[in-house]
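Please walk through the fold of this protein with me, beginning with its sheet and ending with a few backbone angles that deserve a second look.

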Amino acid sequence: MKKPFLNDDFLLQTETAQQLYHEFAKPMPIIDYHCHLPPDQIAENKQFENLTQIWLYGDHYKWRAMRSNGVNESYCTGNQSDFAKFQKWAETVPYTVRNPLYHWTHLELQRYFGITETLNGKSARRIYDACTEQLQSPDFSVRNLLRRMNVETVCTTDDPVDSLENHQKLADEGFEIGVLPTFRPDKAMAVEDAGIFNLYVARLETVSNVSITTFNDFLAALRQRHDYFAAMGCKLSDHGLEQIYAEDYTDAEISIIFDKIRSGDELSNLEILKFKSAMLVHLAEMDWEKGWTQQFHLGALRNNNSRMLRQLGPDTGWDSIGDFAQARALARFLDRLDTTDKLAKTILYNLNPNDNELIATMIGNFNDGSVAGKVQFGSGWWFLDQKEGMERQINALSNMGLLSRFVGMLTDSRSFLSYPRHEYFRRILCNMFGNDIENGELPDDMDWTGQVVQNICYGNAKTYFGFSNKPMSLTV
């Protein structure tokens, strides 16, 4: 018998999987410990004018699919009307079959708007009008969208020079969902262009009130911002890197390199690697001192289309999976911190699926018994946050580590309609456990398996990051 598309038991192939999801996974709140939601939109409790604005603006996943379907750029990032853009997206959706966008699109229409009709060119106007009408209700403000999805904590992604004024506003108002910053210092390491780097240093001087002449001044300014983020409730840092940097260096060398770039001179490749390596260590030690968790997103080959980068800028859909060597430098970096007992809790995300087993075994080298799951293999990321990518990550971690200690899923999204990705992950997780139980590969112990599922979906992250249910009360 054919199953209905996207029914209550979507992706749940067995009765055991269905029980695990509906009784154990589904009720769990969401901890979104890594995303790119704009905190200003949460602070102002923004309401979007129409479905295109909340769904298509800034969504490079959809733009890539539309371009592949022969849609002109004017309907992606250009000046076409909002409905014209939506129409082109709706016409593209039927061609996304077997792409996760097909599932995500219809999950989001169901979960937020109660629409079960499939989206295509013919249904576009009906769906657009119905969703846009609902978006006018206060029930569809961004804060209420978070409440609707049972979100408990959101960790945004923020540069050290960001003011965090919106996080402060939310805390002052006592908003019951924790909206916390994450320290993302990528620009503080980007020394490939002396002019751009020095402009960044000038901004850092202003916000930190630290005059930056030497490398030690630079570190002092970053530490001041690190302290400020901590006072604002921050518990995580994040780095987006092609690969970890672990060149040998001396303090004297880094001081000279810093002086050189501050003079406007370009650095050699080796000098760049040494500076980045030193910065990673200093920043990691700051994280360790505060008990933060450090995250490393590894392996993206960004901005491949130089023509479109010049035209549209970064983060507009021209990135792909890279084939960078990861193991040796990653091991050296983690070992350097572990040797001095300054290795913070760490999550490693890989973008190349060929590195799954590499990461799954690497984490075991530095799990020292001090914290359950101290070094984590992060969930399927970016191009891998789809069914097969999640299953492969779960299997690699299961085979070579402890899936039961995994801190679970995140959205990594800029959209307030992305929270069904957590549901998608939970259904896939429960289906895998359900199949194992029904195949006799795991005991039929629903109490224990259900607890493991709940921990992966929620409990492990709650404990690991130390988040509180209470609204933040900040004094800075």
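The paragraphs below treat a sheet, a helix and then some loop residues in a predicted model.

Four strands make up an open sheet in the order S4-S5-S8-S9, and their pairing is parallel. At its edges lie strand S4 (236-241) and strand S9 (375-377), each of which pairs on one side only. On average, neighbouring strands of this sheet are turned by 15° against each other, direction ignored. Within the sheet, strand S5 (residues 293-298) and strand S8 (residues 345-350) run parallel and are joined over 6 bridges, and Leu298 has Asn350 in S8 as its bridge partner.

Helix H13 (residues 269-290) packs on this sheet, where it touches S4 and S5, and its direction makes about 160° with that of S4. The length of H13 can be checked by simple reasoning: at 1.5 Å a residue its 22 residues should span 32 Å, and because its end C-alpha atoms are 32 Å apart, the two values agree. Just after H13 comes Gly291, which takes a positive phi of about 75°.

Most residues other than glycine have a negative phi, which is the background for the two loop residues that follow. Asn150, which is not a glycine, nevertheless has a positive phi of about 60°; Asn150 sits in the loop between helix H8 (142-148) and strand S2 (151-155). Asp315 likewise has a positive phi, near 60°, and is found in the loop between helix H14 (306-312) and strand S7 (320-321). Are these residues buried or exposed? Asn150 is partly exposed, because its relative accessible area is 37%, and Asp315 is partly exposed, with a relative accessible area of 37%.

Note on methods: Residues numbered from 1 in each chain as written. Predicted model: local features only at pLDDT ≥ 70, side-chain atom pairs only at ≥ 80, totals over all residues. Heavy atoms only, no water. Pairing = 2+ DSSP bridges. Helix = DSSP H or I, 4+ residues; strand = E, 2+ residues; numbered from the N terminus. Axes fitted to C-alpha atoms, helices over the stretch in contact; angles between N-to-C directions. Contact = heavy atoms within 4.5 Å. Expected span 1.5 Å × (residues − 1). Buried < 20%, exposed > 50% of the residue type's maximum accessible area, 1.4 Å probe, protein only.
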